[in-house]
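Subject: Handing over a structure, with notes

Dear colleague,

Please find the structure we spoke about just below, placed here so that you can look at it before reading my notes. What I found in it follows underneath.

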Amino acid sequence: MSDEPQFPDLPDIGEILGRKDRFIQKKTTVLKCGECKAKYSREFKAGDFTFKKLDAEECEKCNRSKTLVVEEIYSEWFDPKKSK
Ligand SMILES: [Zn+2]
């Protein structure tokens, strides 16, 4: 005869905790050009931080270099398993 305790049906905690890990974080960097004042966003690159001057990149709008500054960085979370 078994002495194992009988657990009530609870939601699977492992499932809930595991949900956090399957979300994918997508970071976006918003750039502002000091020359033409254009503001646009591109994929976040390592090393980006707010107010950083991007000397190595050209403005997407006026193609001038050394004018871009990181205006804002934001991140979004995606659930890759979510179907709809
Ligand atoms: Zn520009």
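**Strands and sheet**

Strands β1 and β3 are paired in the antiparallel sense, over 10 bridges. Before going further I should say that this is a predicted model, and everything below should be read with that in mind. Within the pairing with β3, Lys32 has Val69 as its bridge partner.

On its other pairing, β1, which covers residues 24-33, is joined to β2, residues 39-43, again in the antiparallel sense and over 5 bridges. Two positions may help you to find the register on the screen: Thr28 has its bridge partner in Glu43 of β2, and Thr29 stands opposite Arg42 of that strand.

Taken together, the 3 strands form an open sheet in the order β2-β1-β3, with antiparallel pairing. The edge strands are β2 and β3, each of which pairs on one side only, and the twist from one strand to the next averages 25°. As for the chain as a whole, there is 1 helix besides the 3 strands, and the elements run α-β-β-β from the N terminus on. Of the 84 residues in the chain, 19% count as buried.

**The zinc site**

Which residues coordinate the zinc ion? The donors are the SG atoms of Cys33, Cys36, Cys59 and Cys62, at 2.3 Å, and the spacing of these donor residues in sequence is C-x2-C-x22-C-x2-C. Cys36 lies in the loop between β1 and β2, whereas Cys59 lies in the loop between β2 and β3 (68-78), so this pair ties together parts of the chain that are 23 residues apart in sequence.

The arrangement around the zinc ion is tetrahedral, because the 4 donor atoms subtend angles of 105 to 114°, and all of these fall between the limits of 85 and 135 degrees that are required for that label. For reference, the ideal angle for four tetrahedral donors is 109.5 degrees.

Two of the donor residues can also be described by their accessibility. Cys59 has a relative accessible area of 1% and is therefore buried, the cut-off for that class being under 20%. Cys36, at 33% relative accessibility, counts as partly exposed.

**Loops and backbone**

Two lysines deserve a look for their backbone angles. As background, most residues other than glycine have a negative phi. In the hairpin of β1 and β2, which has 5 residues between the strands, Lys37 takes a positive phi near 65°. Lys37 has its place in the loop between β1 and β2, and with a relative accessible area of 56% this residue is exposed.

The other case is Lys66, which is not a glycine either and yet has a positive phi of about 60°. Lys66 belongs to the loop between β2 and β3 and is exposed, its relative accessible area being 63%.

The loop between β2 and β3 also contains Ala56, which counts as exposed because its relative accessibility is 80%, where the class begins at over 50%. Ala56 and Thr67 are 11 residues apart in sequence, and their C-alpha atoms are 9.6 Å apart in space.

**Aromatic rings**

How many aromatic pairs does the structure hold? The count is 0. There is, however, a charge placed over a ring: Lys27 lies over the face of Phe44, at 4.6 Å from the ring centre.

If you go through the model yourself, I would suggest taking the zinc ion with its donors Cys33, Cys36, Cys59 and Cys62 as a starting point, and then following the sheet in the order β2-β1-β3.

With kind regards

Terms used
Residues numbered from 1 in each chain as written. Predicted model: local features only at pLDDT ≥ 70, side-chain atom pairs only at ≥ 80, totals over all residues. Heavy atoms only, no water. Pairing = 2+ DSSP bridges. Helix = DSSP H or I, 4+ residues; strand = E, 2+ residues; numbered from the N terminus. Phe/Tyr/Trp six-rings, centres within 6.5 Å; stacked < 30°, edge-to-face > 60°. Lys NZ or Arg CZ within 6 Å of the ring centre and 35° of its normal. Donors = N, O, S within 2.8 Å, 3.2 Å for Na, K, Ca; no water. Tetrahedral: all angles 85-135°; square planar, octahedral: opposite > 155°, others 65-115°. Buried < 20%, exposed > 50% of the residue type's maximum accessible area, 1.4 Å probe, protein only. Axes fitted to C-alpha atoms, helices over the stretch in contact; angles between N-to-C directions.
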